[in-house]
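Please report on the structure below. Take individual residues before the overall fold.

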Amino acid sequence: MFASLLLSLPRSRNSPLLVAVLNTTVAQMAKSVSMVLTMAYRDIYGEDEDAEDPAQLMLLTAPLAATEEVVALFAAGLA
């Protein structure tokens with residue numbers, strides 16, 4: 001969805017800004033997924049949030065550095 005939006009816009013000086021918006025969006029989505037995964041893990045394995053060192057699952061994402069990366073992912077059918 002985001003890649004098609006990014007590719008549909010004309011090339012301009014705003015491209016780095018669009019990539020930054022995409023990176024921020026993906027980072028926020030990863031944070032939300034991490035919270036859901038952590039809550040599911042704790043529920044399944046019966047761990048309390050109040051534990052001394054509670055388990056926390058974290059989805060790690062790498063930010064895109066350039067529009068070319070987005071184009072390559074889209075062309076490969078991965079985006």
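## Arg42

Arg42 lies in helix α2. The model is predicted. Arg42 has a relative accessible area of 16%, so it counts as buried; the cut-off for buried is under 20%.

The side chain of Arg42 reaches out to a backbone atom. Its partner is the backbone oxygen of Ala55, at 2.8 Å. Set aside the neighbours within four places in sequence, and Arg42 is in contact with Glu47, Glu49, Pro54, Ala55 and Gln56. Ala55 therefore appears both in that contact list and as the residue whose backbone oxygen the Arg42 side chain reaches, given that contact means heavy atoms within 4.5 Å.

## Thr38

Thr38 is in helix α2, which spans residues 15-45. Its relative accessibility is 7%, under the 20% limit, so Thr38 is buried.

The Thr38 side chain reaches the backbone oxygen of Ser34 at 2.9 Å. Beyond its neighbours within four places in sequence, Thr38 is in contact with Ala55, Gln56 and Leu57. Ala55 and Gln56 are also among the contacts of Arg42.

## The second largest pocket

Which residues line the second largest pocket? They are Lys31, Ser34, Met35, Thr38, Met39, Arg42, Glu49, Gln56, Leu57 and Met58. Thr38 and Arg42 are thus both part of the lining. Ser34, whose backbone oxygen the Thr38 side chain reaches, is in the lining as well. So are two contacts of Arg42, Glu49 and Gln56.

The volume of this pocket is about 190 Å³. Its lining is mixed by class: four nonpolar, three polar and three charged residues. A general point applies here. Rolling a probe the size of a water molecule over the atoms shows where empty space is left.

## Ala27

Ala27 is also placed in helix α2. Is Ala27 buried or partly exposed? Its relative accessibility is 38%, so Ala27 counts as partly exposed.

Ala27 and Ala62 are 35 residues apart in sequence. In space, their C-alpha atoms are 8.7 Å apart.

## The whole protein

The protein has three helices and zero strands. From the N terminus on, the order is α-α-α. Of its 79 residues, 15% are buried; Thr38 and Arg42 are among them.

Contacts with a separation of 6 or more can be split by distance along the sequence. Residues 24 or more positions apart account for 49% of them. The protein exposes about 6200 Å². Carbon and sulfur atoms supply 62% of that area.

How values were computed: Residues are numbered from 1 along each chain as its sequence is written. This is a predicted model: local features need pLDDT of at least 70, side-chain atom pairs count only at pLDDT 80 or more; totals for chains, interfaces and linings use all residues. Side-chain values use heavy atoms; hydrogens and water are left out. On a 1 Å grid over the protein atoms alone, a cavity is a set of points where a 1.4 Å probe fits but cannot get out, and a pocket is an open set with protein on both sides within 12 Å along at least five of seven lines; lining residues have an atom within 4 Å of a point. Grid points are joined across faces, edges and corners, and a volume is the space filled by probe spheres set on the points. Ala, Val, Leu, Ile, Met, Phe, Trp, Tyr, Cys and Pro count as nonpolar, Asp, Glu, Lys and Arg as charged, and the others, Gly among them, as polar. Helices (H or I, at least four residues) and strands (E, at least two) are DSSP runs, numbered from the N terminus. Buried means under 20% relative accessible area, exposed over 50%, partly exposed in between (1.4 Å probe, protein chains only). A polar contact is a pair of N or O atoms within 3.5 Å; within protein, one must be able to donate a hydrogen and the other to accept it, and residues adjacent in sequence count only if both atoms are side-chain atoms. Accessible areas come from the Shrake-Rupley method with a 1.4 Å probe; for residues, only the protein chains shown count as cover.
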